[in-house]
Amino acid sequence: MSRRLMGMSGRLWCLIGFLMCAGMIVFAYILQHVFDLEPCPLCIFQRIAVIVAGLCFLPGIFYRPYRSAAVWGGLALLSSLAGIALAARHLWLQSLPADQVPSCGPPLDYMLESLPLWSVLRQVLSGSGECAEIQGIFLGITLPGWTMIGFIVLGVVACGALFSAFRKTDGRTTPPKDNKGDAPRYAA
């Protein structure tokens with residue numbers, strides 16, 4: 001099994017990562033619009049991290065040079081790490097005792113209209129009472145916990161894309177040799 005995973009191309013890793021990001025976003029919108037779970041500001045930032053990771057995986061599916069998987073996989077890995085940090089912050093806020101939960105701030109729409117972007121980021125990352133509220137649990141894990149698991153898997157997929165770029169050259173494990181033992185010279 002691990003041999004098969006190690007043999008996957010960077011394009012296939014990027015396709016898996018993009019499809020996973022698309023699935024995560026579709027599931028988030030189902031939770032919002034079908035089950036009426038309104039996202040808190042940290043949830044929205046986690047969605048942004050998923051979308052950025054998906055946008056990083058997307059060119060890796062279509063762009064042919066094998067080393068490009070390293071670029072797209074590396075960028076997706078950075079986005080996944082940011083998502084892991086956001087989900088960890090969200091889980092920490094949910095674990096606080098009720099008397100230590102920060103008070104609710106203004107809605108995200110209002111903050112984006114009236115405050116500079118850095119102030120909005122600082123306020124959202126400091127957390128609010130609505131981010132500490134647990135809205136759903138599945139198999140004993142809260143929604144930010146599942147999101148963190150998703151980001152960890154996205155990080156593994158991004159690492160697969162990243163490492164596949166350094167494992168292969170021109171679609172082969174090693175470049176072909178000519179009769180003299182030297183690597184052939186390709187015509188430009």
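This is a short walk through a predicted model of one protein chain, from its overall layout to a few single residues.

Hi everyone, thanks for coming. Please keep in mind that what you see above is a predicted model.

Let's start with the layout. The protein chain has eight helices and two strands. Reading from the N terminus, the order is α-α-α-α-α-α-α-β-β-α, so to speak a run of helices, then the strands, then a helix again. The chain has 188 residues, and 36% of them count as buried. If you take the contacts between residues at least 6 apart in sequence, 78% join residues at least 24 apart.

Now to the helices, beginning with α2 and α3. Helix α2 covers residues 10–33 and helix α3 covers residues 41–62. How do their axes cross? They come within 8 Å of each other, at roughly 150°. The angle is over 145°, the cut-off for roughly antiparallel, and that is why α2 counts as roughly antiparallel to α3. The crossing in which α2 passes α3 is left-handed.

Who does the touching here? On the α2 side, the residues include Trp13, Leu15, Phe18, Met24, Ile25 and Tyr29. On the α3 side, they include Val50, Ile51, Phe57, Leu58, Ile61 and Phe62. Arg11 of α2 and Arg47 of α3 are also among the contact residues. By class, this contact of α2 with α3 holds 16 nonpolar, four polar and two charged residues.

Before we move along, have a look at the loop between α2 and α3, where you will find Asp36. Most residues other than glycine have a negative phi. Asp36 is not a glycine, yet its phi is positive, at about 55°. Is Asp36 buried or exposed? With 61% relative accessibility, Asp36 counts as exposed.

Next comes the pairing of α3 with helix α4, which spans residues 68–95. Their axes also come within 8 Å, and they cross at roughly 165°. That angle makes α3 roughly antiparallel to α4. α3 passes α4 in a left-handed crossing. From α3, the contact takes in Leu42, Phe45, Val52, Cys56 and Pro59, among others. From α4, the residues include Trp72, Leu75, Gly83, Leu86, His90 and Leu93. The tally for α3 with α4 is 15 nonpolar, five polar and one charged.

If you compare the two lists, you can spot Ala53, Phe57 and Gly60 of α3 in the contact with α2 and again in the contact with α4.

Let me zoom in on Phe45, which sits in helix α3. Phe45 has a relative accessibility of 15%, so it counts as buried. Its C-alpha atom is 8.1 Å from that of Gly83, although 38 residues separate the two along the chain.

At the other end of the helix story is Ser95, which belongs to α4. Ser95 has a relative accessible area of 52%, so it is exposed. How far apart are the C-alpha atoms of Ser95 and Glu133? They are separated by 9.6 Å, and these two residues are 38 apart along the chain.

On to the strands. Strand β2 is made of residues 141–142, and Thr142 is in it. Thr142 counts as buried because its relative accessibility is 13%. Which residues does Thr142 touch, leaving aside those up to four places away in sequence? They are Leu91, Gln94, Ile134, Gly136 and Ile137.

The loop between β1 (137–138) and β2 holds Leu139. Leu139 has a positive phi of about 55°, and it is not a glycine. With 67% relative accessibility, Leu139 counts as exposed.

Finally, the aromatics. How many aromatic pairs does the structure hold? There is one. The partners are Phe138 and Trp146, with ring centres 5.9 Å apart and planes at 45°, which is a tilted arrangement. Phe138 counts as exposed because its relative accessibility is 53%. Trp146 has a relative accessible area of 31%, so it is partly exposed.

To recap: α3 is roughly antiparallel to α2 and to α4, Thr142 is buried, and Phe138 pairs with Trp146. Thanks for listening!

Note on methods: Residues are numbered from 1 along each chain as its sequence is written. This is a predicted model: local features need pLDDT of at least 70, side-chain atom pairs count only at pLDDT 80 or more; totals for chains, interfaces and linings use all residues. Side-chain values use heavy atoms; hydrogens and water are left out. Axes are lines fitted to C-alpha atoms, for helices over the stretch in contact, and angles run from 0 to 180 degrees between N-to-C directions. Helices (H or I, at least four residues) and strands (E, at least two) are DSSP runs, numbered from the N terminus. Angles under 35 degrees count as roughly parallel, over 145 as roughly antiparallel, 65 to 115 as roughly perpendicular and the rest as oblique. A crossing is left-handed if the near helix is turned anticlockwise from the far one by less than a right angle, and right-handed if clockwise. Contact means heavy atoms within 4.5 Å. Ala, Val, Leu, Ile, Met, Phe, Trp, Tyr, Cys and Pro count as nonpolar, Asp, Glu, Lys and Arg as charged, and the others, Gly among them, as polar. Buried means under 20% relative accessible area, exposed over 50%, partly exposed in between (1.4 Å probe, protein chains only). Rings of Phe, Tyr and Trp (its six-membered ring) pair if their centres lie within 6.5 Å; planes under 30 degrees apart count as stacked, over 60 as edge-to-face and the rest as tilted.
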